[in-house]
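User: I'm new to reading protein structures and I'd like a close look at one part of this one. Could you walk me through the stretch that carries the RING-type annotation, and then show me what lies beyond it?

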Amino acid sequence: MASGNPFFDEMRIKPEVIDRPQNEAMMDVTENVTDPAQHILKPNVAASSSVRELLECPVCLNAMYPPIHQCLNGHTLCSGCKPRVHNRCPTCRHELGNIRCLALEKVAASLELPCKFQNFGCMGIYPYYNKLKHESQCAHRPYNCPYAGSECTVVGDIPYLVAHLKDDHKVDMHNGSTFNHRYVKTNPHEVENATWMLTVLSCFGKYFCLHFEAFQLGMAPVYIAFLRFMGDDNEAKNYNYSLEVGGNGRKMIWQGVPRSIRDSHRKVRDSFDGLIIQRNMALFFSGGDRKELKLRVSGRIWKEQ
Ligand SMILES: [Zn+2]
Ligand SMILES: [Zn+2]
Ligand SMILES: [Zn+2]
Ligand SMILES: [Zn+2]
């Protein structure tokens, strides 16, 4: 009963729609999920908006950084756009020449501006020339949607993305630090690259993404299961998880550290940072006639003390 959801990865060679994992007997204790803190926005800093407008390149509309250029009439232009305008000022069409606008560069240096992720809760105010660097590492910068299986362009903070995963991707939600899922696929030999429906696990007041994918490791078809943490890497390191899969008296156990969703699911998969099961072994674990994949993956998340 394959559902019609396009949750496979269309970029891969042989995408295949796979049933969502089946949630088996849950033995876990439900934990309280703290409500996401409401961000209180600080009013804009009194950096005159007209000065900020002056620092906007008239061509690309980006903020200008040194060297800032100007034409003989004083119209300014960023250094990225200058080579593209064929020595003509885009504002007055006169010859551009090679004049640097030191005064504006100095005005910029005296400016202090709020981080552009203020709406996501960053209260930082930064000197103009340090702002870009901060924003590239800002802890409040939004995350990409962690959904694996389609290119989703939604970004947001964690509470927003959890709601988005639930409402728009219809992912499976699971409360508690232990879990037990079945991954089923008929005719697994026909599937070389596939992504099963993501499960979002909620415990310790945090969210984790449980991934299960089929891919080719060299020439060998394999499955991988791994966990990603919905948050930054420094916090992800506070957690450990284990995954267990087996059958017919055999068992494989993986213990790992969840990766941050700042790392794409593909990056995690391609670094083999998870429980990797050869297809032969997976079919052996599935029992029966090797025509059907029927894996039971159980696991646990715990916090490092
Ligand atoms: Zn420009
Ligand atoms: Zn001009
Ligand atoms: Zn910031
Ligand atoms: Zn999404």
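Analyst: Let's start with one residue, Arg 93. It counts as exposed because just 11 C-beta neighbours sit inside 10 Å; a residue is called exposed if 12 or fewer other C-beta atoms lie within 10 Å of its own, buried if there are 20 or more, and partly exposed in between, with C-beta atoms placed from the backbone. Arg 93 has a phi near 70 degrees, which is a positive value in a residue other than glycine. You'll find Arg 93 in the loop between S3 and S4.

Before going on, a word on the ground rules: this is a predicted model, where local features need pLDDT of at least 70, side-chain atom pairs count only at pLDDT 80 or more, and totals for chains, interfaces and linings use all residues. Residues are numbered from 1 along each chain as its sequence is written, while chains are lettered from A and ligands numbered from 1 in the order in which they are written.

Now the stretch you asked about. An unreviewed UniProt entry places "domain: RING-type" on residues 57-93; the positions are in the numbering used here, feature names are shortened, and such annotations may be inferred rather than shown by experiment. Over residues 57-93 the chain is 0% helix and 11% strand, with the end C-alpha atoms 16 Å apart. Helices (H or I, at least four residues) and strands (E, at least two) are DSSP runs, numbered from the N terminus.

His 86 is in the loop between S3 and S4. Its phi is near 50 degrees, again positive in a residue other than glycine. His 86 is exposed because it has 8 C-beta neighbours inside 10 Å.

Next, try the loop between H1 (49-54) and S2, where Leu 61 is found. Leu 61 is exposed, since 9 other C-beta atoms lie within 10 Å. Leu 61 and Cys 78 are 17 residues apart in sequence, and their C-alpha atoms are 9.2 Å apart in space. Pro 67 lies in the loop between H1 and S2 too, and a cis peptide bond joins Pro 66 and Pro 67, with omega about -5 degrees.

What about the strands? Three of them form an open sheet in the order S3-S2-S4, with antiparallel pairing. The edge strands, each pairing on one side only, are S3 (76-77) and S4 (99-100). S2 (residues 69-70) pairs with S3 over two bridges; DSSP has to find at least two bridges before two strands count as paired. One bridge partnership is Gln 70 with Thr 76 in S3.

Further along the chain, S10 (residues 178-186) and S19 (residues 292-303) pair in the antiparallel sense over nine bridges. S15 (residues 239-247) is joined to S19 by seven bridges, also antiparallel, and Leu 243 has Gly 299 as its bridge partner in S19.

Finally, the inside. A nonpolar core is a set of buried Ala, Val, Leu, Ile, Met, Phe, Trp, Tyr and Cys residues joined through C-beta atoms within 7 Å. The largest one has 48 residues, and Val 200, Phe 208, Cys 209, Ala 225 and Leu 275 touch the most other members. Strand S13 (residues 206-217) gives the largest share of this core, seven residues. A second, separate core of 11 residues includes Leu 55, Leu 77, Leu 113 and Tyr 128.
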